[in-house]
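Please open the model in your viewer and keep the selection panel at hand. The stops below move from cysteines to strands and then to charged side chains.

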Amino acid sequence: MTAISPQELIDIETFFADPEFSGASISPDGTRIAYLAPKHGRTNVWVRGIHEEHADAVCVTHDDRRGIKTYYWTGDPRWLLYLQDTDGNEDWHLYRVDLDAPDEPAADLTPMPPGSRVFGAEPMGSIPGSVLVWMNRRPAFVDVFRIEVATGETTVHLEQPQPNVTMVVDRDGGAPFHSVLTDDGSYEIYAAGPGSGEKRLLRRLGGPEYPLGLPLQIATPDGRGLLVGAYQDSDDLRIVRVDRESGAESVVAAVEGRSLCTMGLMDSRLPPTVFISRRTGEVIAARFVGDRPVIEVLDPHFAEVYAALSTLSDGVLRTVSSDETERRWVATFVHDREPGVTWFYDHDTGQSRLLSGPDLDPADLAPMTAVGFPARDGLPLHAFLTLPVGVELKGLPLVLLVHGGPWAHDSWTYNPTVQFLANRGYAVLQVNFRGSTGYGKRHITAAIGEFAGKMHDDLIDAAEWAVARGYADPDRIGIAGGSYGGYAALVGVTVTPDYFAAAVDYVGISDLANFMRSLPPFTRPAMANSFFRYVGDPEDPAQEADMLARSPITMVDRIRTPLLIAQGANDVRVIKEESDNIVGPLRERGVPVEYLVADDEGHGFENPENQIRLHRAIERHFAEHLGGRA
C-alpha cells in the first residue's frame with residue numbers, strides 16, 4: 001500500500017501577503033486598467049494601458065500607512081477616486097487622484113470631523129464631472145452631497161429627513177423612492193414627490209426577515225421602478241420591481257430553492273449582489289446562493305458576454321467591468337483553489353488575455369465541498385468542509401470556523417485562513433448556522449432569541465456530524481471566528497466549557513449590552529430588525545438581564561479552554577474593552593490566554609504584517625492544543 005504524503009507547508013507570508021494584482025477594473029473609455037498592487041509596503045492603486053504590463057504601470061496613490069481597497073473611476077479621464085480611513089477607525093474619506101500628475105499628493109474631497117464617514121460614492125449622470133457621496137456630517141443622519149470632482153466644491157444634494165429613512169436616487173440624482181423602517185419593524189416604500197416631505201405609500205414589507213434592512217434598493221434608470229430584495233410568498237429572496245405609479249410588484253430575478261446573495265451589499269469588496277451595465281444603468285445579472293454561487297443573467301447582450309467569460313474559468317464570475325460601449329471587459333472569478341485570476345476580454349474580436357494567474361498552485365490547495373445535515377431540531381443546515389491534502393481523512397483535528405454578522409454567510413470561495421489551516425493538517429468546517437443569510441426566510445428568523453442558544457447548538461451539531469462521519473477526532477476540536485464568530489468562540493468555551501480543546505476569538509463580542517451601547521449613533525435607527533429584534537434592547541432592564549445571561553463576560557469563570565484573543569485598538573464596532581474584559585479575569589485566574597492587540601487596526605486586521613502575526617499565533621496555538629502541524 002502506498003503511503004500518503006502530506007503536502008508541503010506553505011509559508012504564512014504566501015497566504016497573507018498583499019496580492020501582486022487584485023481589484024482590477026477597466027476605464028470608461030476602455031483604454032486603461034486600474035488595479036491594486038503593493039507599493040511602500042501597502043496596497044496602492046496602479047494604472048496601465050490595456051495592452052501594457054505591470055512594468056509599464058504607474059502607481060497613482062502613495063499610501064504607506066494603510067492599504068487602499070476601494071477606488072472609483074470617474075467620467076473624466078483625468079481623475080480617479082479612492083476611499084481611506086485612519087488605522088481601521090472606519091472614518092472613511094474620499095480622495096481624488098490626478099492621473100495627469102500621479103506623483104502629486106491626493107486631495108481629500110471630504111474633510112470631516114472624527115466620527116463622520118463616507119458610506120459610498122457614484123457618478124451623477126445628469127451632471128458630468130460630479131459624484132454623489134453619502135456621508136454623515138450630521139452624526140445621526142446620512143445625507144447625500146454633490147461633489148464637483150475637479151474643484152472639490154461640495155453642496156448638500158438631499159438631506160435625510162429622519163434617521164429611519166433610506167433615500168433611493170436615480171441616475172440623475174433624484175430621490176424617487178423612500179423606504180421607511182417603522183416602529184413595528186416593517187418597511188414602507190414610498191414614491192417621493194418633488195416637495196419636501198411629499199410622498200405616497202406604495203408597498204409595506206415584513207420585518208425580521210430583513211435584519212439588515214431591505215436588500216438592494218436600486219431605482220431603475222428611468223426612475224419608474226424600484227428594484228428591491230423581497231420574499232413575497234416564497235421562502236427565497238428574489239429581486240422584485242415595485243412600480244412607482246401603481247405599487248405593483250413583478251419578479252425580476254428568482255431561482256427556485258435559492259436566495260439572492262446579499263454579501264456584496266455589506267462590503268463592496270465582496271462579490272456584488274447584482275451586475276449593472278455601465279452603458280444603460282440596468283441590472284444585467286444577479287448572484288444567488290448555492291453550493292456554488294449561481295449567476296442569473298437578465299440581459300440578452302450580457303448573456304453573450306457571460307457565455308464567453310464562462311469559458312475562461314471553471315469558477316464563478318466574481319466581478320466584471322466594461323467600457324462604456326460594453327466591448328471591452330475585465331473579469332475576475334470565484335474559485336476555491338485559484339485565487340487572483342483576472343481576464344481581459346474583447347467582445348468584438350472574441351479575444352481574451354490572462355491579466356493575472358493564480359497566486360498559488362491549485363494542486364497545492366484543498367478543495368472546499370458543500371455538505372448538509374439537520375440540526376437537532378430538524379432545521380436543515382448548510383456548510384462547507386475543507387479537508388487537508390495528502391493525509392488519511394479520518395480522526396483529524398477539526399477547526400470550526402464561524403463567520404461574522406451573524407447576518408452573513410460562508411460560501412464556496414478561496415479563503416486564505418481556510419487554506420492555511422488545511423495546509424497545517426486541520427479539517428475546517430464552516431457552518432451556516434440559523435440566522436445566516438442566503439438560505440431563506442425561515443432559516444434567518446429561526447435565530448430570533450437564540451444567541452448562545454440554538455445558534456450555538458447548530459455549531460455543536462455540525463462538529464458532531466464531522467465526528468460521526470469519522471473526519472474529526474472528538475478530543476481535538478477547536479473553534480475560531482471573527483466578530484460574531486469571535487462571540488461564538490467565547491460562547492463555545494463558556495456555555496460548553498469542556499467541548500473545545502482550543503479557541504480563537506478575533507474582534508469578538510463579550511458583552512452584548514455593552515456592545516450595543518457602544519455602537520456609532522447612526523447605526524441605532526437601523527437595528528430594529530437586527531440586534532433589538534433578535535437579542536434585545538439594553539435600555540429595557542428585563543431584556544438587558546437576558547442579554548447578559550447570553551454574554552460570555554458573565555460566564556468568564558467557566559473558561560478553562562486555552563484561548564487566543566486578537567483585537568484592533570481602533571475598532572468602532574466591537575470596542576477593545578470587549579476583549580480587555582475577558583483577558584483580565586482569565587489572567588487573574590491563571591487560565592492560558594494569549595492576547596494580541598494591533599494598534600493600527602480596527603474591526604479586523606488589514607495590514608499584511610498583522611495578518612501574518614495573527615496567523616503565526618493561530619498556528620502555534622492550534623499546534624500545541626489540537627496537534628496540527630507548525
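Begin by selecting the cysteines: the count of disulfides, each being a pair of cysteine sulfur atoms within 2.5 Å, comes to zero. Two of the residues to look at are Cys 59 and Cys 261: Cys 59 has 9% relative accessibility and so counts as buried, a term that means under 20% relative accessible area, with exposed meaning over 50% and partly exposed in between (1.4 Å probe, protein chains only). Cys 261 is likewise buried, with a relative accessible area of 9%.

Before going further, note that this is a predicted model, in which local features need pLDDT of at least 70 and side-chain atom pairs count only at pLDDT 80 or more, while totals for chains, interfaces and linings use all residues. Residues are numbered from 1 along each chain as its sequence is written, and side-chain values use heavy atoms, with hydrogens and water left out.

Next, select strand S18 (residues 225-230); strands (E, at least two residues) and helices (H or I, at least four) are DSSP runs numbered from the N terminus. Six of the six residues of S18 are buried, so the strand is largely enclosed by the rest of the structure. Gly 225, Leu 227 and Gly 229 point one way from S18, whereas Leu 226, Val 228 and Ala 230 point the other way.

Now add the neighbours of S18, bearing in mind that two strands pair if DSSP finds at least two bridges between them. Strand S17 (residues 218-219) runs antiparallel to S18 and is joined to it by two bridges, with Ala 219 having Leu 226 as its bridge partner. Five residues lie between the strands of this hairpin, in which Gly 223 takes a positive phi near 75 degrees. Strand S19 (residues 238-243) also pairs with S18 in the antiparallel sense, over six bridges, and Arg 238 in S19 stands opposite Ala 230.

Finally, turn to the salt bridges (a side-chain nitrogen of Lys or Arg within 4 Å of a carboxyl oxygen of Asp or Glu), of which the whole structure has 35. Select Asp 87 and Arg 65, whose side chains meet in one of them at 2.6 Å, N to O; the two residues are 22 residues apart and lie in different loops, Asp 87 between S6 and S7 and Arg 65 between S4 and S5. Asp 87 is buried at 12% relative accessibility, whereas Arg 65 is partly exposed at 48%. The last selection is Lys 69, Asp 267, Arg 269 and Glu 606, which are linked in a network of salt bridges.
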